[in-house]
Amino acid sequence: MRLRKTLFIAMLGAFLFALPSASFAPVTPFPNGVSSFGMVLPGGGDAVTTSGGETIYFVDSGHGERCDAVGCGTTTQPFVTIDFAIGRCTANAGDIIYVAPGHTETVTGAGGIALDVAGVRIIGLGQGDLRPTVTFTTAAAASMTISAADTLVENIVFVNGIANQTHMIDVSADDVTLNRILCREGSATQPLTCITADGGDGTADSLKILNSEFYVATAGSGDAAVQIGTAVAASGDMTGVEIRNCTIYGDFDLAAVSVLAGGNAQVGMVIANNLITNKLNGAQAIEINGTGSTGNITDNRIVTDAVATAVDPGGLALAGNLWNIEGDANTTGIPPFVNTDGVGIFNASTVAQIEAEATDALEADNLDHLAAASTSVAADADLTGIIVDQSILSHLMTAGADTSDYQASTDSLEALGTDTDAIIADFTDYQLDHVAGVNTTVAADADLTTYVVDQSILSHVMTAGADTSDYQASTDSLEAIGTDTDAIIADFTDYQLDHVAGVDTTVAADADLTTYAVDGSLLSHIMTAGADTSDYQASTDSLEAIGTDTDALIADFTDYQLDHVAGVDTTVAADADLTTYAVDQSLLSHIMTAGADTSDYQASTDSLEAIGTDTDTLITYNRHTLITKSSITSSAIPNNTQTSGDITGAAGCGMWLEELIVQCDATGWATPTNIEFTTDNTKGLTGAAAPFVLEAVGTFGAQGVFQAEEDGDTSELPLYLESGKKIFIHGDNNAGTGAGVCDVIMRWDVEDASCVIAGSDLP
């Protein structure tokens with residue numbers, strides 16, 4: 001019964017004391033206060049020292065009898081400022097400072113309120129707008145500092161009133177509790193941080209931030225609501241920091257709750273049951289630098305622009321957190337499963353389950369065989385059971401998409417590469433490198449037998465008798481033939497060759513054509529047997545007349561087996577003896593074989609198709625292409641100089657640059673008016689002042705793609721790069737700036753497979 005009565009009196013006194021008022025008044029009939037079960041209630045009148053030894057002071061800037069002097073601090077004559085009240089307290093005596101509803105106070109310098117007496121509790125009275133308000137103005141360094149341990153600040157509103165305020169509250173003592181406070185921006189200003197603990201390792205152990213609100217919604221200078229540590233090592237490793245049941249809403253450059261690199265070894269940190277919103281795209285709600293901290297991030301509701309920016313746990317365990325996208329009221333929270341580094345933060349069992357299911361799916365389609373080793377597949381085994389016929393992979397492996405035909409020993413890339421090496425090695429033996437390559441040892445009109453073997457295909461192309469010792473470039477080359485042809489064309493009128501296809505109405509049908517086609521001329525030989533065009537009769541000797549007679553001849557084709565030339569005869573077997581169909585010494589036999597003996601003819605090796613296949617192979621192996629790629633950061637691009645701007649190594653030989661393509665990331669290059677590509681060739685376009693490609697920098701912006709065109713204005717491709725020379729990049733009037741990266745891809749044609757060039761990055 002006595003216990004209930006005591007509790008009733010204590011609760012009644014607390015209710016009366018908490019009533020809103022512009023000033024303090026006697027609130028209980030006990031002038032010396034009441035202490036029961038650890039609850040202290042103040043009395044009325046003077047500052048009170050309770051039976052437990054605590055002294056209670058009162059602060060009210062709106063009271064008519066307020067004063068900052070010894071003897072004040074009572075309900076009837078309260079202090080004017082909180083800082084003066086702190087100075088009247090005794091360390092570790094449990095002193096309490098009550099701040100009246102409606103109290104206002106302005107802080108203009110660093111430590112304008114300095115909580116430097118251990119064990120003091122500062123408690124604001126009132127609800128909503130009646131809560132005591134501290135406003136920071138005049139200097140960015142204006143702040144409340146807490147350097148004394150075991151202290152409490154409760155139910156006070158802190159308002160920023162100066163741009164770029166360093167911090168509102170700076171904590172540098174252990175066991176500090178901030179409960180039910182509100183930190184908010186001013187009408188046109190934002191603080192850098194609301195609460196900071198960065199005095200050094202262990203200088204704010206057991207800091208508790210509870211049931212509080214933070215509002216810095218305007219985009220500007222806000223870095224964080226709560227910041228632990230600085231970027232300097234050993235400047236914020238704390239033990240037992242807790243942030244619970246808080247609402248944080250703002251546009252924060254770093255994170256709503258930010259633990260910097262100097263505090264990357266927190267011990268037992270707890271961030272729980274908070275609602276945290278960071279409006280700034282790409283910035284995080286919670287960011288714990290490093291991976292060396294311990295503790296828990298539990299049951300928070302997090303709002304950012306992307307799930308990847310929700311939480312960087314820095315080693316803290318996550319449980320029960322949900323993320324929503326900022327600005328969308330219709331989304332349902334999901335776990336924030338990825339941090340900004342893209343590292344999964346599922347627990348180990350979840351990761352193991354996902355990996356197991358992914359492995360099962362790969363194995364079900366035999367996809368695990370692609371890169372993993374399968375000891376059950378024997379060399380040159382039938383692969384049908386592993387790679388299904390008609391699949392894309394089967395088409396890549398075999399001509400008929402039937403993997404039972406695949407033999408790794410002969411069909412694999414390694415095997416093909418070995419064969420190719422042998423073919424390439426034969427190029428010099430057969431002097432195929434002379435076909436298009438330059439050999440300065442071959443003199444004009446020299447005997448070419450050494451380079452082109454008699455009776456080879458090329459010798460037949462070059463000379464009538466396939467004897468290249470007879471070949472004279474000065475008379476037999478295409479250039480020489482072309483020169484002679486020009487002279488022939490000039491003689492057309494003189495020799496009346498214009499009559500051949502032109503219309504001349506003076507030539508009567510079956511007339512004597514001697515005047516137009518001189519007897520003994522080539523045309524007269526074509527027209528008449530005796531080269532005497534006076535004998536020519538168009539009615540009987542023209543192609544039309546001959547055509548009429550030819551119809552009769554066609555009927556005789558079977559007798560002479562001429563239908564075999566292009567017709568289909570299923571009785572002719574592949575590589576059969578063709579003597580029956582093409583008589584030896586006939587014109588066709590001379591075309592088919594060197595000795596006009598068709599019994600030697602083999603279609604599988606001697607036909608035009610077979611010759612063409614071999615020729616395609618030769619052509620394929622005579623061309624070598626290289627691709628280089630260089631990744632160029634914008635800030636590494638120099639200004640109008642080749643110093644430090646090389647994007648390739650030295651060319652191993654003279655080579656052709658055929659194509660140049662640039663592909664940029666989401667930032668791209670910036671600042672110069674134009675981007676230029678140059679060489680240090682000794683001839684042609686060379687040096688920083690003579691670009692072979694010039695393009696406006698805007699082309700290389702975010703996700704930009706550029707392909708140098710052969711238009712003569714902005715590019716000079718293809719370009720010959722001399723042996724030992726390089727390609728350079730630079731701006732035309734400024735160096736590049738920013739962190740954007742573009743890849744420069746170049747395609748080269750080289751004369752020799754051993755000739756190389758390497759791309760060079762500019763990071």
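# Close-up views of a predicted model

**View 1. A salt bridge joins aspartate 646 and lysine 726.** Aspartate 646 is partly exposed, because its relative accessibility is 21%. The structure shown here is a predicted model. The partner in this view is lysine 726: the two side chains meet in a salt bridge, at 3.6 Å from N to O. Both residues sit in loops. Aspartate 646 lies between β31 (624-633) and β32 (655-664), and lysine 726 lies between β36 (719-721) and β37 (727-731), so the salt bridge ties together parts that are 80 residues apart in sequence. Lysine 726, at 26% relative accessibility, is also partly exposed. Across the structure there are six salt bridges.

**View 2. Arginine 747 meets two acidic partners.** One partner is glutamate 659, with the closest N and O atoms 3.3 Å apart in the salt bridge. Glutamate 659 belongs to strand β32 and arginine 747 to strand β38 (residues 741-750), so this pair links parts 88 residues apart in sequence. Glutamate 659 is partly exposed at 22% relative accessibility. Arginine 747 is partly exposed too, at 25%. The other partner is aspartate 749, whose salt bridge with arginine 747 has its closest N and O atoms 3.8 Å apart. Is aspartate 749 buried or exposed? Its relative accessibility is 10%, so aspartate 749 counts as buried. Through shared partners, Glu659, Arg747 and Asp749 form one salt-bridge network.

**View 3. Two phenylalanine rings pair edge-to-face.** The model has eight aromatic pairs. In the pair of phenylalanine 700 and phenylalanine 706, the ring centres are 5.4 Å apart. The ring planes stand at 75°, and edge-to-face means an angle over 60 degrees, so the pair is edge-to-face. Phenylalanine 700 is buried, at 0% relative accessibility. Phenylalanine 706 is buried as well, at 7%. Elsewhere, Tyr57, Phe79 and Phe84 make up one aromatic cluster.

**View 4. Nonpolar side chains gather in separate cores.** The largest nonpolar core has 66 residues. Which of its members touch the most others? They are Ile97, Ile122, Met144, Phe158, Ile169, Phe214 and Ile286. Take isoleucine 286 for a closer look. Beyond four places in sequence, isoleucine 286 contacts Ala255, Val257, Ile271, Ile276, Ile297, Ile302, Ala310, Val311 and Asp312. A second core, separate from the largest, holds 32 residues, among them Ile647, Cys664, Phe706 and Leu762. In soluble globular proteins, nonpolar side chains tend to be buried together.

**View 5. Eight strands form an open parallel sheet.** The strand order is β7-β10-β13-β16-β19-β22-β25-β28, with parallel pairing. At the edges are β7 (113-115) and β28 (311-312), each pairing on one side only. Inside the sheet, look at β16 (residues 191-197): this strand pairs with β19 in the parallel sense, over four bridges. Here isoleucine 195 has valine 226, in β19, as its bridge partner.

**View 6. Strand β24 pairs with both β21 and β27.** Strand β21 (residues 247-250) runs parallel to strand β24 (residues 275-278), and four bridges join them. One bridge matches threonine 247 with leucine 275 of β24. Three bridges connect β24 with strand β27 (residues 301-304), again in the parallel sense. On this side, threonine 277 has valine 303 of β27 as its bridge partner.

**View 7. Alanine 234 sits in a loop.** The loop runs between β19 (224-228) and β20 (242-244). With a relative accessible area of 48%, alanine 234 is partly exposed. Which residues does alanine 234 contact beyond four places in sequence? They are Gly200, Asp201 and Gly262. The C-alpha atoms of alanine 234 and glycine 262 are separated by 5.1 Å, though the two residues are 28 apart along the chain.

**View 8. Confidence varies along the chain.** The mean pLDDT is 83, and 81% of residues reach 70 or more. Over residues 25-40, pLDDT stays under 50; the model gives this stretch 36 contacts beyond four places in sequence. Residues 617-621 also have pLDDT below 50, with five contacts beyond near neighbours in sequence. Where pLDDT is low, the predicted coordinates should not be read in detail.

Notes. Residues numbered from 1 in each chain as written. Heavy atoms only, no water. pLDDT = per-residue confidence, 0-100. Contact = heavy atoms within 4.5 Å. Helix = DSSP H or I, 4+ residues; strand = E, 2+ residues; numbered from the N terminus. Buried < 20%, exposed > 50% of the residue type's maximum accessible area, 1.4 Å probe, protein only. Core = buried A, V, L, I, M, F, W, Y, C linked by side-chain atoms within 4.5 Å. Pairing = 2+ DSSP bridges. Salt bridge = Lys/Arg side-chain N within 4 Å of Asp/Glu carboxyl O. Phe/Tyr/Trp six-rings, centres within 6.5 Å; stacked < 30°, edge-to-face > 60°.
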